[in-house]
Protein chains: 2
Amino acid sequence: MRIGDLATRTQVSVRALRYYEEQGLLASTRSRSGQRLYGDTAINRVRLIQQLYGAGLSSKTIAELLPCVDAKVSTPESRERLAAERDRINTQIAELMIARDRLNDMIDLTSRPNPKCDYV
Amino acid sequence: MRIGDLATRTQVSVRALRYYEEQGLLASTRSRSGQRLYGDTAINRVRLIQQLYGAGLSSKTIAELLPCVDAKVSTPESRERLAAERDRINTQIAELMIARDRLNDMIDLTSRPNPKCDYV
DNA sequence: CTAAAACCTCACGTTGACGTCAGAGGCAAG
DNA sequence: CTTGCCTCTGACGTCAACGTGAGGTTTTAG
């Protein structure tokens with residue numbers, strides 16, 4: 001498939017896909033005329049990349065970790081890296097839950113009738 | 001207290017505090033010579049701002065919501081806004097949990113002895 | 001009184017993940 | 001064969017939350 005098809009199927013922009021290639025995250029073969037061609041596995045690859053981006057990993061970090069996934073082998077360093085990122089995500093989840101509770105408090109605080117608005 | 005003290009107590013840079021003021025998130029009185037002065041409540045205000053930033057809210061959004069918190073009154077619009085942000089955070093938490101599980105899978109997959117590394 | 005430390009206001013620099021535009025070539029349909 | 005959409009490679013633009021440096025004033029310690 002060509003880049004436009006992949007973009008449509010993954011809901012990721014063409015520009016982003018080229019950027020992923022530029023960052024070494026997504027490989028492509030080229031047609032005789034130089035157009036990028038992708039296999040079906042590219043779809044899941046893009047999804048994985050998106051998930052990792054969404055989790056706050058940088059291109060550089062993803063680029064360092066994807067080869068391990070492809071080879072299904074990890075070095076002690078990459079395992080440490082993966083675990084570190086997982087821990088960071090767990091921390092972030094905890095912070096988000098706190099922020100969410102904070103927002104809920106704000107909603108309660110401001111929407112529950114109180115003296116300030118009872119008479120407005 | 002002056003800006004340096006507030007920065008020390010909140011672990012937020014002086015530049016950031018000035019930026020918050022610029023964005024309308026943090027008020028200050030000024031000394032005769034023009035230096036910013038803060039009360040003790042500023043500490044919690046900064047912490048709240050940090051939490052909301054950490055939760056992915058923009059300066060603009062925070063600036064729109066903080067007055068409601070201060071007044072302890074919310075308009076239907078701001079309530080909707082708060083709820084929308086909370087929902088967004090919940091979504092993000094869910095995505096992060098998926099990404100975390102994905103990372104754990106990657107750790108398992110690459111660290112468990114397998115044919116590829118048993119003989120290395 | 002003086003030197004260091006803290007503060008002030010511009011105002012430009014940084015970073016990451018793309019958006020966007022320019023100019024040129026490629027490809028299926030009628 | 002030409003129209004129209006897709007793709008290519010640069011390369012500059014964007015946006016947010018600050019960082020950083022210049023040049024100058026204020027406060028504080030000794």
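How far apart do the end C-alpha atoms of residues 1-68 of chain A lie, and what share of the span is helix and what share strand? The end C-alpha atoms of that stretch are 26 Å apart, and the span is 60% helix and 6% strand. UniProt, in an unreviewed entry, lists residues 1-68 of chain A as "domain: HTH merR-type". Keep in mind while you look around that this is a predicted model.

## Chain A as a whole

Let's zoom out to the whole of chain A. Its secondary structure comes to 6 helices and 2 strands. If you walk along the sequence, the pattern reads α-α-β-β-α-α-α-α, so to speak a short recipe for the chain.

What radius of gyration does chain A have, and what would a compact globule of 120 residues have? Chain A has 22 Å, while a compact globule of 120 residues would be near 14 Å. Along its principal axes, the C-alpha trace of chain A spans about 75 × 40 × 20 Å. Of the 120 residues in chain A, 20% count as buried. As for contacts in chain A with a separation of 6 or more, 49% of them are between residues 24 or more positions apart.

The domain assignment cuts chain A into domain 1 (1-72) and domain 2 (74-120). Taken over C-alpha atoms, the centres of domain 1 and domain 2 of chain A are separated by 30 Å. The two do touch: 7 residues of domain 1 of chain A are in contact with 7 residues of domain 2 of chain A. On the domain 1 side of that contact you'll find 4 nonpolar, 2 polar and 1 charged residues.

## Where the two chains meet

Now bring in chain B. How many residues does each chain put into the contact? Chain A gives 35 residues and chain B gives 35 residues. On the chain B side, helix 3 (41-54), helix 4 (59-71), helix 5 (76-111) and helix 6 (115-118) each supply at least two residues. Helix 5 of chain B has the largest share of that side, with 23 residues. Sorted by class, the side of chain B that touches chain A holds 18 nonpolar, 9 polar and 8 charged residues.

For a close-up, find Ser111(A), which lies in helix 5 (residues 76-111) of chain A. Leaving aside neighbours within four places in sequence, Ser111(A) is in contact with Ser74(B) and Arg79(B). Is Ser111(A) buried or partly exposed? Ser111(A) is partly exposed, because 19 other C-beta atoms lie within 10 Å, and being buried takes 20 or more.

## Around the DNA

There are two DNA strands to look at, C and D. Here are the surfaces near them, side by side.

| DNA strand | Residues around the strand | Closest residues | Classes |
|---|---|---|---|
| C | 18 residues | Ser13(A), Ala16(A), Ser59(A), Gly4(B), Arg36(B) | 5 nonpolar, 8 polar, 5 charged |
| D | 19 residues | Gly4(A), Arg36(A), Ser13(B), Ala16(B), Ser59(B) | 5 nonpolar, 9 polar, 5 charged |

Which elements supply these residues? For DNA strand D, the elements giving two or more residues are helix 1 (3-10) and helix 2 (14-22) of chain A, together with helix 2 (14-22) of chain B. For DNA strand C, helix 2 of chain A and helix 1 (3-10) and helix 2 of chain B each supply at least two residues.

## Gln11 in both chains

One last stop is a spot with an unusual backbone angle. Most residues other than glycine have a negative phi, and most peptide bonds are trans. Gln11(A), though not a glycine, has a positive phi of about 60 degrees. Gln11(B) has a positive phi too, near 60 degrees.

Where are these residues found? Gln11(A) is in the loop between helix 1 and helix 2 of chain A, and Gln11(B) is in the loop between helix 1 and helix 2 of chain B. Gln11(A) counts as exposed because it has 9 C-beta neighbours inside 10 Å. Gln11(B) counts as exposed as well, with 10 C-beta neighbours inside 10 Å.

Gln11(B) also leads us to Arg47(B), 36 residues apart from it along the chain, with their C-alpha atoms separated by 9.5 Å. Arg47(B) sits in helix 3 of chain B. With 15 other C-beta atoms within 10 Å, Arg47(B) is partly exposed.

Technical notes: Residues numbered from 1 in each chain as written. Chains lettered and ligands numbered in written order. Predicted model: local features only at pLDDT ≥ 70, side-chain atom pairs only at ≥ 80, totals over all residues. Helix = DSSP H or I, 4+ residues; strand = E, 2+ residues; numbered from the N terminus. Rg over C-alpha atoms; globule rule 2.2 N^0.38 Å. Buried ≥ 20, exposed ≤ 12 C-beta atoms within 10 Å, placed from the backbone. Nonpolar A, V, L, I, M, F, W, Y, C, P; charged D, E, K, R; others polar. Near = placed C-beta within 6 Å. Domains from an automatic or database assignment. UniProt positions renumbered as here; feature names shortened; annotations may be inferred.
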